[in-house]
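Okay, everyone, thanks for coming. Let me put today's protein up on the screen, and then I'll walk you through it.

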Amino acid sequence: MTYDFSVAHVPQDRASRSDSSGVESPSDRLSARTSTYTRRENRLASLSKTEDDSASKDYKKLYEDALTENEKLKSRLEDGKQELTKIRSQLDRVTQRQDRISERSTVFESEKREKEALEKRVSDMEEEFKTFPALARLQALRRGNAHLLQENQAMLRSLARLTQTASLLSVATLLTPK
């Protein structure tokens, strides 16, 4: 509430109440003061009442407008939060998928390189055997030689047993009385 107590209105009221002679009687002054005060009070009361009514209506309207605006903003904020959560979850899923694909491709690449290295080694070995048929024959001869060596050792053991048995028999025949 604001009151206008400007001095500009007061001289006009005094000028209109005074006589043309400019001299006022004490009773005139008293009644003029009373009526001036009463009019002023009434005017101020009506002004303040209309100001109060319009101010309260304005404040009420402003408050309601602010509430509706706040509700709209809260709704938009919630929608934004939900959309952000949805986008974050999609981003997480895409990131995880990319990580898995990346891991798979890394494993796949290493397996692919390993396979290529093994294939190259096998093909190199095959080429070696083709270019060196004597090497293959030599390896076969070595295997055969090792087998013959094992058989020879077995025959030596058998011969040693037979020799031992024969020497025991000859000693036994010599020792037996006739």
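Before anything else, one bit of vocabulary: when I say a residue is exposed, I mean its relative accessible area is over 50%; buried means under 20%, and partly exposed is in between. And please keep in mind that this is a predicted model.

So, the overall layout. We've got three helices and zero strands, and reading along the sequence you just get α-α-α. Now, how much of the protein is buried? Of the 178 residues, buried ones make up 2%. The protein exposes about 16500 Å², and 58% of that comes from carbon and sulfur atoms.

Let's go to helix α2, which covers residues 26-131. How many salt bridges does the structure hold? Just one. The partners are K61 and D65, and their closest N and O atoms sit 3.7 Å apart. That fits the cut-off, because a salt bridge here needs a Lys or Arg side-chain nitrogen within 4 Å of an Asp or Glu carboxyl oxygen. In general, side chains of opposite charge can pair when their charged atoms come close. Why are these two placed to meet? Look at the spacing: K61 and D65 are four residues apart in helix α2, so about one helical turn separates them.

Are the two partners buried or exposed? K61 has a relative accessible area of 52%, so K61 is exposed. D65 comes in at 37%, which makes D65 partly exposed.

Now for the charged patches. R93, R97, R100 and R104 form a positive one on the surface. Take R97 from that group: R97 lies in helix α2, and with 45% relative accessibility R97 counts as partly exposed.

There's a negative surface patch too, and that one is formed by D124, E126, E127 and E128. E127 is also a helix α2 residue, partly exposed at 43% relative accessibility.

Last stop, something without charge. Which residues make the nonpolar surface patch? They're F132, L135 and L138, and the patch is about 250 Å². L135 belongs to helix α3, residues 133-175. Its relative accessible area is 30%, so L135 is partly exposed.

To recap: one salt bridge, K61 with D65, a positive patch of arginines including R97, a negative patch with E127 among its members, and a nonpolar patch that includes L135. That's my tour, and I'm happy to take questions.

Note on methods:
Residues are numbered from 1 along each chain as its sequence is written. This is a predicted model: local features need pLDDT of at least 70, side-chain atom pairs count only at pLDDT 80 or more; totals for chains, interfaces and linings use all residues. Side-chain values use heavy atoms; hydrogens and water are left out. Helices (H or I, at least four residues) and strands (E, at least two) are DSSP runs, numbered from the N terminus. Buried means under 20% relative accessible area, exposed over 50%, partly exposed in between (1.4 Å probe, protein chains only). Patches are made of residues with over 30% relative accessible area and no salt bridge: like charges are joined within 9 Å, nonpolar side chains (Val, Leu, Ile, Met, Phe, Trp, Tyr) within 5 Å. Accessible areas come from the Shrake-Rupley method with a 1.4 Å probe; for residues, only the protein chains shown count as cover. Lys and Arg count as positive and Asp and Glu as negative; His and the chain ends are not counted. The place of a charge is taken as NZ of Lys, CZ of Arg, CG of Asp or CD of Glu.
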